[in-house]
Amino acid sequence: MQSVATVALPRIIQGGMGVSVSSWRLAKTVSLLGQLGVVSGTAMDTVLVRRLQDGDPGGLVRRALASFPVQHWVKPVLEKYFRPEGRKGQPYLRLPMPSRLGDTASQIMHVLGGYVEVFLAKEGHPGLVGINLLTKLQLPTLGTLYGAMLAGVDYVLMGAGIPREIPEVLDKLAAGETASLKIDVTGWTGTEAPRLHFNPREVLGGVQTLKRPHFLPIIASNSLATLLARKVTGTIQGFVIEGPTAGGHNAPPRGAPVFDERGQPVYGEREVVDLEQIKALGLPFWLAGGTGSPEALQEALARGAAGIQVGTLFAYSQESGFEAGLKRGILEQAARGEVRVFTDPKASPTGFPFKVAEVEGTLSQPEEYQRRTRVCDLGYLREAYQTPQGKIGFRCASEPIEQYLAKGGQLAHTEGRKCLCNALLAAVGMGQLQKNGDLELPLVTSGDDLERIGRFVRQFGTEYSARDVVAYLLGTPASSQPEAQPVMANG
């Protein structure tokens with residue numbers, strides 16, 4: 001274990017919400033206020049090329065790419081994807097979906113995506129910036145981490161699974177050494193599990209040592225905390241303890257599944273983390289899930305936490321990546337007390353429960369979900385499986401059903417599954433125009449705090465800033481917060 005007692009710890013961690021809801025603008029603003037701003041690390045390669053195709057207003061992406069240390073990787077990306085005048089109503093050009101492990105072109109795009117987001121979040125100031133990744137999304141992990149580290153990321157946060165190999169991965173990447181990650185393959189019969197390898201030398205053409213970021217796994221049980229603190233190679237620097245009221249993917253309840261009258265999984269005493277056991281591990285921790293209030297912060301501090309992680313309040317701030325009209329409509333609905341959040345046990349292809357805000361005109365409405373033509377053209381949540389020939393294939397429970405069944409998938413697994421990849425991109429204004437002429441509809445994920453956000457909106461209005469959120473949580477006037485600095489232009 002590595003102590004961080006000598007380091008000033010943030011009271012507030014701004015949650016890492018994908019896809020691009022936790023944008024670099026949001027993370028930068030929070031960081032400038034002396035807290036930990038966190039960018040989403042999900043689908044950053046697609047976010048990068050879609051920003052370029054939308055014309056890259058202000059040249060921000062191109063400025064970040066111009067600082068990348070190896071320009072021969074950058075040039076073909078700009079030539080293929082940059083559209084100075086935007087798409088003019090045309091569909092987005094898609095990145096090819098990886099068809100095998102270790103695809104160099106895909107790994108380079110992950111590196112560039114992670115680099116650009118962290119570069120823009122950290123540009124021109126010394127504040128702390130983190131990146132959040134999902135353990136379940138395995139193929140992009142190594143490249144995205146390395147790109148973020150090239151840009152100087154300070155913290156890495158990971159949940160939605162057990163990130164037991166990540167501490168060693170960070171050590172190796174920081175030393176310029178090849179890192180590897182075990183890939184989960186359904187039905188695998190080989191003697192050794194397949195591994196994805198990433199060699200930094202293949203990106204940079206040589207060895208470069210980097211700052212090793214602090215690692216904060218996001219956990220929901222004492223056993224997982226103990227495992228990660230004591231039984232992994234490498235070090236962790238603390239925990240985010242996330243309860244089932246948090247947005248996005250939730251850890252499934254332990255034991256036999258039980259559902260309430262709405263069909264939501266029921267969480268019980270077994271899901272309550274014993275903070276005394278956590279404190280005995282000697283590492284700082286932050287509480288998450290239903291913590292978006294000054295009272296929750298004070299309670300967390302009283303219980304020995306370093307602070308709180310907050311997502312929902314930041315998700316609807318002006319700096320977040322949510323499409324502006326969608327954001328405003330949800331806040332107006334929430335202010336009237338008319339928004340509900342449903343913990344959907346089926347929506348995510350991962351099989352993890354997924355929080356869905358019930359919003360008109362989104363895939364939360366059954367009729368909109370039924371109307372959508374199934375397609376899998378992004379593939380981040382695909383499941384790796386062993387083919388009858390002994391090779392590795394990829395399938396998704398949200399792809400066309402006949403394709404999924406042909407790959408050995410079970411029909412029951414397709415019921416209620418939603419294409420989170422396309423829907424979450426649509427929620428940040430990057431919805432794809434599909435071949436049949438349909439524009440992908442969004443899906444909004446939020447914590448249960450969205451149902452209680454009315455109090456905050458009545459005080460700060462529907463067009464509030466991340467500065468307002470930090471001031472509210474700390475119980476200080478927004479005017480007393482440090483002045484946010486402008487984006488620095490270089491070159």
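Contact is taken here to mean heavy atoms within 4.5 Å, and this is the sense in which one element is said to cover another below. The model under discussion is predicted.

A helix that invites a closer look is H2, which runs over residues 44-53. What covers its buried residues includes helix H1 (24-32) and strand S2 (37-40) on the N-terminal side of the numbering, together with helices H3 (60-66), H4 (74-81) and H5 (104-122), and helix H16 (420-427). H2 is mostly covered, with 10 of its 10 residues buried. Among them are Met44, Val47, Leu48, Val49 and Leu52, and the list also takes in Asp45, Arg50 and Arg51, as well as Thr46 and Gln53. After H2 comes Gly55, which has a positive phi near 95°.

Stepping back to the whole protein chain, the model holds 18 helices and 14 strands. The chain is as compact as a globular protein of its length, because its radius of gyration of 21 Å is close to the 23 Å that the globule rule gives for 491 residues. Along the principal axes, the C-alpha trace spans about 60 × 55 × 50 Å. Of the 491 residues, 58% count as buried. Among contacts in the chain with a separation of 6 or more, 69% come from residues 24 or more positions apart.

The outside of the chain can be described in similar terms. Its accessible surface comes to about 20200 Å², and carbon and sulfur atoms account for 51% of that area. As for charge, the chain carries 50 positive and 47 negative charges, whose mean positions lie 4 Å apart.

Note on methods. Residues numbered from 1 in each chain as written. Predicted model: local features only at pLDDT ≥ 70, side-chain atom pairs only at ≥ 80, totals over all residues. Heavy atoms only, no water. Helix = DSSP H or I, 4+ residues; strand = E, 2+ residues; numbered from the N terminus. Rg over C-alpha atoms; globule rule 2.2 N^0.38 Å. Buried < 20%, exposed > 50% of the residue type's maximum accessible area, 1.4 Å probe, protein only. Areas by Shrake-Rupley, 256 points an atom, 1.4 Å probe, with all protein chains shown as cover. Lys, Arg positive; Asp, Glu negative; His and termini not counted. Charge placed at Lys NZ, Arg CZ, Asp CG, Glu CD.
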